[in-house]
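The following exercises concern strand pairing, burial and surface character in one protein. Please work through each task with the sequence and the structure at hand.

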Amino acid sequence: MLALGLALLLASAPGAGPPSPDPCLPTDSRGEPFPTCFDPGDGWVVGTGATVRDGVGALTLHSSVRIRTGRTSRSKGTPWFTNHRLLGVDLWDGERQGWGFTAYDGLLRRHLEEGFILIPTARPVRIPFPFDVTVALRAAHLERREWEGPGWTLETGRMGLLVDPLRSETGRAWLGFGPVASHTLRRAGDTTEHALSPFTSLMFDLGLESEDGLWALRASGLAGWTLGLEGGTDFRARADASLERVFLAVADQPVALRLSGGYVVGDAGLSRRDEWTLGAGIVVRAFSARW
């Protein structure tokens with residue numbers, strides 16, 4: 001009788017029932033689970049579509065690897081949220097053929113739940129600092145435009161030191177802005193030009209994703225002055241945005257429709273021309289993790 005009473009007491013205790021179902025992992029008619037939420041920042045991305053560049057159309061192909069660490073912060077510590085894109089390849093055909101390659105492009109955001117600045121005087125002073133801190137890195141971004149003749153453009157490296165007022169406790173939202181340093185080489189024929197921006201430019205990076213990962217918005221921009229090692233200064237600016245919507249999953253791998261656009265002032269190609277682009281395509285994220 002005592003054992004029966006204990007069993008009934010445990011059964012009626014709060015939280016003793018079966019665990020609540022995972023909304024991202026429902027079951028089919030046979031009781032087999034299948035994912036409905038996907039991580040936009042994870043997986044091997046392969047995409048194809050069409051792009052219009054200054055009124056000239058082209059077919060495009062893209063491939064890259066995305067790796068994300070840190071998704072939710074519920075601790076009192078200072079976790080890192082990181083987004084890495086590696087080995088990015090872009091090919092475009094048509095009247096203006098070319099290709100681009102990016103070895104690494106990433107964002108490393110440190111979430112500060114109780115951020116402050118410490119001034120180590122005789123009596124240390126703490127000043128509130130209501131921002132997360134983000135480091136934006138890019139290494140080896142090479143571009144070759146065949147219609148411009150022999151030559152290439154290589155951004156050897158870029159580093160941005162950004163602050164994020166959103167201070168999101170998840171990896172689904174961020175907004176970083178701050179100064180950036182970069183170095184670019186332009187090789188045309190036998191001439192090589194160096195363009196250096198020693199934190200004389202500003203950049204921003206925005207990312208918004210839905211709770212289930214089916215919608216993903218990304219926007220970034222950069223504007224400022226570059227210094228030529230041969231002398232002179234030049235102003236450049238660029239902005240781009242993309243929107244992805246997962247509309248299908250094949251063997252639990254998400255397939256998304258992607259719309260994109262961008263505008264460049266004084267920084268496109270070997271001639272540093274102005275340029276606008278619009279694009280639409282299909283993206284598959286193989287080996288993608290679910291939220």
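**Exercise 1. Determine which residue in E13 stands opposite Ser-242, and place this pair in the fold.**

Solution. Step 1: Ser-242 faces Ser-260 of E13. The model is a predicted one, in which local features need pLDDT of at least 70, side-chain atom pairs count only at pLDDT 80 or more, and totals for chains, interfaces and linings use all residues. Residues are numbered from 1 along each chain as its sequence is written, and side-chain values use heavy atoms, with hydrogens and water left out.

Step 2: E12 and E13 are paired in the antiparallel sense over 13 bridges; strands pair if DSSP finds at least two bridges between them. Helices (H or I, at least four residues) and strands (E, at least two) are DSSP runs, numbered from the N terminus.

Step 3: A barrel is closed by 12 strands in the order E1-E2-E3-E4-E7-E8-E9-E10-E11-E12-E13-E14, with antiparallel pairing. From one strand to the next, the twist averages 20 degrees (axes are lines fitted to C-alpha atoms, for helices over the stretch in contact, and angles run from 0 to 180 degrees between N-to-C directions). In total, the protein has 14 strands and 1 helix.

**Exercise 2. Establish whether Asp-205 is buried or exposed, and list its contacts.**

Solution. Step 1: Asp-205 belongs to strand E10, residues 191–209.

Step 2: Asp-205 is classed as buried because its relative accessibility is 5%. Buried means under 20% relative accessible area, exposed over 50%, and partly exposed in between (1.4 Å probe, protein chains only).

Step 3: Neighbours within four places in sequence aside, Asp-205 is in contact (heavy atoms within 4.5 Å) with Leu-107, Trp-174, Leu-175, Gly-176, Arg-218, Ala-219 and Ser-220.

Step 4: Ala-136 lies 69 residues from Asp-205 along the chain, and their C-alpha atoms are separated by 8.7 Å.

**Exercise 3. Classify Leu-248 by accessibility, and give the share of buried residues in the protein.**

Solution. Step 1: Leu-248 lies in strand E12.

Step 2: Leu-248 counts as partly exposed because its relative accessibility is 43%.

Step 3: Of the 291 residues in the protein, 36% are buried.

Step 4: Among contacts with a separation of 6 or more, 57% are between residues 24 or more positions apart.
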